[in-house]
Amino acid sequence: MLLGSVLNPINSTIIAVALVPIGRALGAPASQTAWLVSALYLATSLGQPVVGRLIDIFGPRRLFLLSTGLVGVAGVVGALAPGLGVLIGARVLLGFGTCAGYPAAMALVRSEAERTGRDSPGGVLTALAVANQTIAVVGPLLGGLLIAVGGWRTTFALNVPLAVAAVLLGLLRLPKANQANQADPAGSAGSAGSAGDSTRHGNLAARLDLPGMGLFAAMLVSLLLFLMNLHLHDWYLLALSAAAGAAFAIRELRAATPFIDLRVLGGNAPLLATYGRALVAYVVAYSFLYGFTQWTEEGFGLTPFHAGLAQIPMFLLAIGVSIVSGRSTGVRGKLLLGAAGQIVACLVILTLNGNSPLWTLLLVALVFGIPQGLNNLALQNSVYFQTDPERTASSAGLLRTFAYIGSMVASSATAASFGQHADTGGLHRLAWVMLGAGVLYLLLTLFDRTLGRTAGTDTRAAA
C-alpha cells in the first residue's frame, strides 16, 4: 500500500530539482521543461478517477499490478530518452502508471475497516499520509543526490527498482478478489452460455460507463491544456471543456450506473468543499515545490543537491506535525493551521532576493513544513469519511484529480512568472499568486459550516 501510493509523489517532486539540469542538457528553457511537470499531471488527473472506478469494480490487485508495471517501463524510457519529446512521453507513462497506487490503498483501508469492524483506522490513514508527505518533501533532496551521483537520468531510472519491488509485493500480499465477482461484477455469475456472456459483458460495460469516461476525459484534457499555457487565443480549449462538461453532466444524470454519480456528489456538500480546498491548497504547495526550488538554483545559485538539502527543515517538521496531528480525527483545526502556514510562508517569500541570507530560505522551508504536514492528512481523512463506501477508490482518485488540477495551475503560473529564467522578480510574481490561493483556502475553511470536530461526525450529521 505505502510503496504503491508513493510512486506518484516521488515522481512529482523529484523532478523539481531536475528541471534546470534537464533544460541545460537538452537546450530547453523553463517554459518548455515545465511540460515535464504538466505531462505527468495531465495523465494522472485523467487516470486517477478512471482507475479508481475500475478498482471499485474489480478490486485493487489487477489494476495495481498492471499500472505499477508500467512505471518500470516509463523509468527505462526516461533514462534512455534522446530528447525532450521522448522525456515528456515517459512522464505521461509515469502519470498513467502511478494512477492505481493511492486509490488501491484507500480501497484496501476501507475493506479492512469493514472486515475488522474498526470504523476509523486512523493509524493506517496517518501512515499513508505520512508516507506520501515524506516522499513529497524528501523528493527534491533525493533528486539532488541522484543528480550529483549519476546525472538527471538517474531520477527516471529510480523507477525501475521501485516498480519491481512494488509488483513483487503486490503479487505476494495483495488479496485476490472473489473469482465470481471478477468474472461478473454485476452479480450475474449464475448466467451460462453465450446469453450469459452477453449479459455479463453488457452489465460490465454499463457499470464502467465508457461514454461518461470519454466525456470526462475530453473535458479534463481540454481544460488542462488550456491551463498549461494560459493565452486568450486558446479560448477554444476552454469552450471545448465547457461543452464536454455539459455533455458529461447530462450523460451522468441519465446513466443507470454513472462513472461519477453527480446526484450523490451534488448532494454531498462536505465532499465538494474538500475537493475545492484540495485544488487551491495544491496551487500553493506545488508553486512552492517547483517555483521556489527552481529559484534557489537559478536565482540564488544553489546546486540541485543543495537546493534539495535546503528543504530538509520542511521534511522534518512535516513528518513530526503529521505524526502528532494524526492522533486526532479532527480536521477543521488542521485545515485552519495549514492555511495560516501557507499564507505566512508566502509573505516571507516576498521578502527574498538573490542576496538574502541562507537562513531565510531555511525559514521558508520550515514554515511550509506546517501545511505540508497538515493539509494532505486532513483532506485525505475528510474524503475517507465523507464518501460513499462503495466508491472509496474513485472518490480518492477524484481527490487527486482536483489536487493535480491545482498543480497544473501552479505549473502554468510558474512558467508564466519565470519565463526564460527563474529570477527574483518571477519568484515574487509567483508568490502573489500563491498568496491569493492561500487566502482563498483559508476562506473556504472558515465559512464551511459542514466542518465539525471530525470528518466522520460531519458525514453522519449530514446524513
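Trainee: How many residues of H3 are buried?

Mentor: This is a predicted model, and the count is computed from it. Helix H3 covers residues 30-58, 29 residues in all. The helix is mostly covered, and the number of its residues that are buried is 25.

Trainee: What is the reach of H3 from its first C-alpha to its last?

Mentor: At 1.5 Å a residue, 42 Å would be expected for the 29 residues of H3. The model comes close to that, with a reach of 41 Å.

Trainee: Where in H3 does a kink lie?

Mentor: The kink is about 35 degrees. Its place is shortly before proline 49, at glycine 47.

Trainee: Which residue just after H3 takes a positive phi?

Mentor: H3 ends at residue 58. Just after the helix, a phi of about 95 degrees is found at glycine 59.

Trainee: Is arginine 61 buried or exposed?

Mentor: Arginine 61 is part of helix H4, residues 60-80. Buried means under 20% relative accessible area. Arginine 61 has 14% relative accessibility, so it counts as buried.

Trainee: Which residue offers a backbone oxygen to the side chain of arginine 61?

Mentor: Leaving aside neighbours within four places in sequence, arginine 61 is in contact with Gly170, Leu171, Leu174, Pro175 and Lys176. The backbone oxygen reached by its side chain, at 3.3 Å, belongs to leucine 171.

Trainee: Which helix gives the most to the largest nonpolar core?

Mentor: That core has 106 residues, and Phe216, Tyr290 and Phe292 are among those with the most contacts inside it. The helix that gives the most to it supplies 14 residues, spans residues 269-298 and is H15.

Trainee: How many residues are in the second, separate core?

Mentor: Phe58, Leu65, Ala107 and Leu174 are included in this core. Its number of residues is 16.

Trainee: Which residues is isoleucine 349 in contact with, leaving aside neighbours within four places in sequence?

Mentor: Ile349 is among the residues with the most contacts inside the largest nonpolar core. With those neighbours left aside, its contacts are Phe288, Phe292, Val364, Phe368, Leu427, His428, Ala431 and Met434.

Trainee: How many disulfides does the structure hold?

Mentor: A disulfide is a covalent bond between the sulfur atoms of two cysteines. Cysteine 99 counts as buried at 0% relative accessibility, and cysteine 346 also counts as buried at 0%. The number of disulfides in the structure is zero.

Trainee: What separates the C-alpha atoms of alanine 246 and methionine 219?

Mentor: Alanine 246 lies in helix H13 and is partly exposed, with a relative accessible area of 42%. Alanine 246 and methionine 219 are 27 residues apart along the chain, and their C-alpha atoms are separated by 9.0 Å.

Technical notes
Residues are numbered from 1 along each chain as its sequence is written. This is a predicted model: local features need pLDDT of at least 70, side-chain atom pairs count only at pLDDT 80 or more; totals for chains, interfaces and linings use all residues. Side-chain values use heavy atoms; hydrogens and water are left out. A nonpolar core is a set of buried Ala, Val, Leu, Ile, Met, Phe, Trp, Tyr and Cys residues joined through side-chain atoms within 4.5 Å. Buried means under 20% relative accessible area, exposed over 50%, partly exposed in between (1.4 Å probe, protein chains only). Helices (H or I, at least four residues) and strands (E, at least two) are DSSP runs, numbered from the N terminus. Contact means heavy atoms within 4.5 Å. A disulfide is a pair of cysteine sulfur atoms within 2.5 Å. The expected span of a helix is 1.5 Å times one less than its number of residues. The bend at a residue is the angle between axes fitted to the seven residues ending there and the seven starting there. A polar contact is a pair of N or O atoms within 3.5 Å; within protein, one must be able to donate a hydrogen and the other to accept it, and residues adjacent in sequence count only if both atoms are side-chain atoms.
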